[in-house]
Amino acid sequence: MANEPLDIGEDKSLLLVDDDEPFLKRLAKAMEKRGFSVEQAGSVAAGRAIATARPPAFAVVDLRLEDGNGLDVVEVLRAKRPDCRVVVLTGYGAIATAVAAVKIGATDYLSKPADAKDITNALLATGDELPPPPENPMSADRVRWEHIQRVFELCDRNVSETARRLSMHRRTLQRILAKRSPR
């Protein structure tokens, strides 16, 4: 597969936005080997600037960046180039926000750590293809954690409002939020 050229299309431009510099450089190198023409941005500001000046055909955007939210870059991409295929990368406990990313126009989202193969498959997937079922699905504890995180995000990270909507004591919710996400 590595020697076969991928059917990327005419426009091979790809914007990578991530504040993890070693990851960004590795991913850029791997995507260039796959035939993409890569531009890198290490912040929301840099990503927005490139998206405005030279809107790419493809983009991979980290959700949480040091200077803000990657969704800001996705919004600029959607405004400047509606056909841009955007994959959002998300770390721990941010699946709810990734769902929000899909709602504002991201093509797909992947949990970190994602490798170049997974990212390429997500960028080039057509709407009819269904991904294979996960080999290690989330545990029940993880599903509960994700649901709590989703409601927390929908309540603009307001603990009291989230606790009320989940019919849960505020202190109990605070303890759950303070812990790391279950596997």
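This is a short dialogue on reading charge patches, a helix and some backbone angles in a predicted model.

Reader: Let's start with charge. Which residues gather in a patch of positive charge on the surface?

Author: For a patch, look for like charges joined within 9 Å. Here R144, R170, R171, R175 and K179 come together as a positive surface patch. Helix α8 (residues 170-178) gives the largest share, three residues, and R175 is placed in that helix.

Reader: And which residues form the negative surface patch?

Author: That one is made by E66, D67, D72 and E75. E75 sits in helix α3 (residues 71-80). With a relative accessible area of 44%, E75 counts as partly exposed.

Reader: Now helix α6. How do I check its span against the 1.5 Å a residue?

Author: Take the expected span and compare it with the distance between the end C-alpha atoms. Helix α6 (residues 140-154) has 15 residues, so it should span 21 Å, and its end C-alpha atoms are indeed 21 Å apart.

Reader: Which residues in α6 are buried?

Author: Buried means under 20% relative accessible area. In α6 that goes for R142, W145, E146, I148, Q149, V151 and F152.

Reader: What happens to phi at D156, just after α6?

Author: Phi turns positive there, at about 55 degrees. R157 also has a positive phi, about 60 degrees, although it isn't a glycine. R157 lies in the loop between α6 and α7 (159-165) and is partly exposed at 45% relative accessible area.

Reader: And S167, is it buried or exposed?

Author: Exposed, with a relative accessible area of 70%. S167 belongs to the loop between α7 and α8, and its phi is positive too, near 55 degrees.

Methods:
Residues numbered from 1 in each chain as written. Predicted model: local features only at pLDDT ≥ 70, side-chain atom pairs only at ≥ 80, totals over all residues. Heavy atoms only, no water. Patch = residues over 30% accessible without salt bridge, like charges linked within 9 Å, V, L, I, M, F, W, Y side chains within 5 Å. Areas by Shrake-Rupley, 256 points an atom, 1.4 Å probe, with all protein chains shown as cover. Salt bridge = Lys/Arg side-chain N within 4 Å of Asp/Glu carboxyl O. Lys, Arg positive; Asp, Glu negative; His and termini not counted. Charge placed at Lys NZ, Arg CZ, Asp CG, Glu CD. Helix = DSSP H or I, 4+ residues; strand = E, 2+ residues; numbered from the N terminus. Expected span 1.5 Å × (residues − 1). Buried < 20%, exposed > 50% of the residue type's maximum accessible area, 1.4 Å probe, protein only.
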